[in-house]
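Let's go through some of the labels people put on a structure and check what each one rests on. Have a look first, then follow the questions.

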Amino acid sequence: MALTQTQQQTLIETDRGTPMGELFRRYWIPAMLSRELPGPDCDPVQIKLLGEELLGFRDSNGDFGLIQEFCPHRGVSLFYGRNEECGIRCAYHGWKFDINGKCVDMPSEPDESNFKDKVRVAAYKMIERGGVLWAYMGPPEFEPPAPELEWALLPKRTAMYRSAFKSATIYKRSKAASTRATSRRCIASTSMTIRCTKARTATCTSKPIRGRSSKFRIPRADS
Ligand code: FES
C-alpha cells in the first residue's frame with residue numbers, strides 16, 4: 001500500500017518540531033570525523049544536520065563546538081569568520097561566539113553595554129568517540145549516555161572500526177564535488193583519457209570532442 005503524502009512527510013522530515021526530527025534529537029548523531037577538526041583554532045566546517053545549517057569548530061582550548069552557521073546580527077555565515085581566542089568572530093561586524101553559542105565580544109558596543117549578554121546562537125554539544133564527532137541536538141534534560149559502541153572504544157590506531165563510517169561520510173561529501181570535477185575535466189579534455197575516480201561509470205555530457213560522440217562511458221580509474 002502506497003503511503004500518502006502526509007505519511008511520507010511524517011517519516012522523512014527531520015526539521016525541528018517534526019515527529020522524526022524530535023525523535024532523532026534524542027540520540028547522539030555522528031556529525032563528522034575528528035580529523036576534520038584537527039586542532040585548536042583550525043578551520044571551521046559547515047555541516048547540515050536534521051535540516052539545520054551548522055558550523056563545527058574547535059576553540060583555542062581544543063574543545064569542540066557546534067553552533068548555527070549564520071550570525072544573528074545580519075545573517076552572514078560564520079564560516080567566513082575568524083576562529084581565534086576561544087570563539088568564532090564574524091567577518092562582518094566582529095561579533096564573537098564561543099562553543100556554547102554565547103556572544104562573548106561585540107566591538108560595535110561601548111564597554112558599559114551589556115547587550116552582548118542577551119545575544120546567543122543555537123549551540124549543541126559535540127563529543128569525540130572512536131575518531132568520530134557525535135552531536136546531541138535535543139533538550140539537555142533528555143541527553144542520553146555518550147555513545148559507548150564497541151568499535152568507538154577501540155584504540156585510535158586500530159583502523160578497522162573507522163572504515164564504514166569514514167567511507168560513507170567521505171563518499172557523501174565528495175560525490176557532488178567529484179561529479180563537478182569530472183564534468184569540468186571532461187569538457188576541458190581533448191582526448192579520451194578521462195578518468196572517473198569515484199563513480200564506477202559516468203556519462204559525458206560535453207559537446208563532441210574531435211568528432212567523437214558526445215555520449216561515451218568514462219572508464220573506472222582502476223580499469
Ligand atoms: S553580521 Fe555578524 S556581526 Fe554583523
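Q: Why is R16 called partly exposed?
A: R16 has a relative accessible area of 46%. The cut-offs are under 20% for buried, over 50% for exposed, and partly exposed in between, using a 1.4 Å probe and protein chains only. So R16 lands in the middle class, partly exposed.

Q: What kind of model is this, and how are its residues numbered?
A: This is a predicted model, with residues numbered from 1 along each chain as its sequence is written. Local features need pLDDT of at least 70, side-chain atom pairs count only at pLDDT 80 or more, totals for chains, interfaces and linings use all residues, and side-chain values use heavy atoms, with hydrogens and water left out.

Q: What makes E52 and R16 a salt bridge?
A: The label needs a side-chain nitrogen of Lys or Arg within 4 Å of a carboxyl oxygen of Asp or Glu. For the side chains of E52 and R16, the N to O distance is 3.5 Å, and that makes a salt bridge. E52 sits in strand 3 and R16 in the loop between helix 1 and helix 2 (19-24), so the pair ties together parts that are 36 residues apart in sequence.

Q: Which salt bridge does R25 form?
A: R25 pairs with E52, and their closest N and O atoms are 2.7 Å apart. R25 is in the loop between helix 2 and strand 1, while E52 is in strand 3, so this pair links parts 27 residues apart in sequence.

Q: Are R25 and E52 buried or exposed?
A: R25 has 0% relative accessibility, so it counts as buried. E52, with a relative accessible area of 15%, is buried too.

Q: How do you know that E53 and K48 make a salt bridge?
A: Their side chains meet at 4.0 Å, N to O, and that counts as a salt bridge. E53 is partly exposed at 39% relative accessibility, and K48 is exposed, with a relative accessible area of 56%. Elsewhere, R82, E84, R89 and D105 are joined into one network by salt bridges that share partners. The structure holds nine salt bridges.

Q: How many helices and strands does the chain have?
A: There are three helices and 10 strands. These are DSSP runs numbered from the N terminus: helices are H or I with at least four residues, and strands are E with at least two.

Q: What makes strand 3 and strand 4 a pair?
A: Two strands pair if DSSP finds at least two bridges between them. Strand 3 (residues 52-58) and strand 4 are joined by five bridges, and they run antiparallel. In this pairing, F57 stands opposite G65 in strand 4. The hairpin of these strands has five residues between them, and there G62 takes a positive phi near 85°.

Q: How do you know that strand 4 also pairs with strand 9?
A: Strand 4 and strand 9 (residues 123-129) share two bridges in the antiparallel sense. One bridge partner to look for is Y124 in strand 9, which goes with L66.

Q: Why is strand 4 described as largely enclosed by the rest of the structure?
A: Four of the five residues of strand 4 (residues 64-68) are buried, so the description follows.

Q: What makes strand 5 and strand 8 edge strands?
A: The open sheet has four strands in the order 5-6-7-8, with antiparallel pairing. Strand 5 (82-83) and strand 8 (103-105) each have a single partner strand, so one side of each is left without a neighbour in the sheet. Strand 5 pairs with strand 6 (residues 88-89) over two bridges, where R82 has R89 as its bridge partner.

Q: Which residues touch the most other members of the largest nonpolar core?
A: L37, L49, L66 and M126 do, in a core of 17 residues. A nonpolar core is a set of buried Ala, Val, Leu, Ile, Met, Phe, Trp, Tyr and Cys residues joined through side-chain atoms within 4.5 Å. Apart from this one lies another core of 14 residues, among them F57, I88, I99 and M106.

Q: Why is I12 called exposed?
A: I12 has 62% relative accessibility, so it counts as exposed. I12 lies in helix 1 (residues 5-12).
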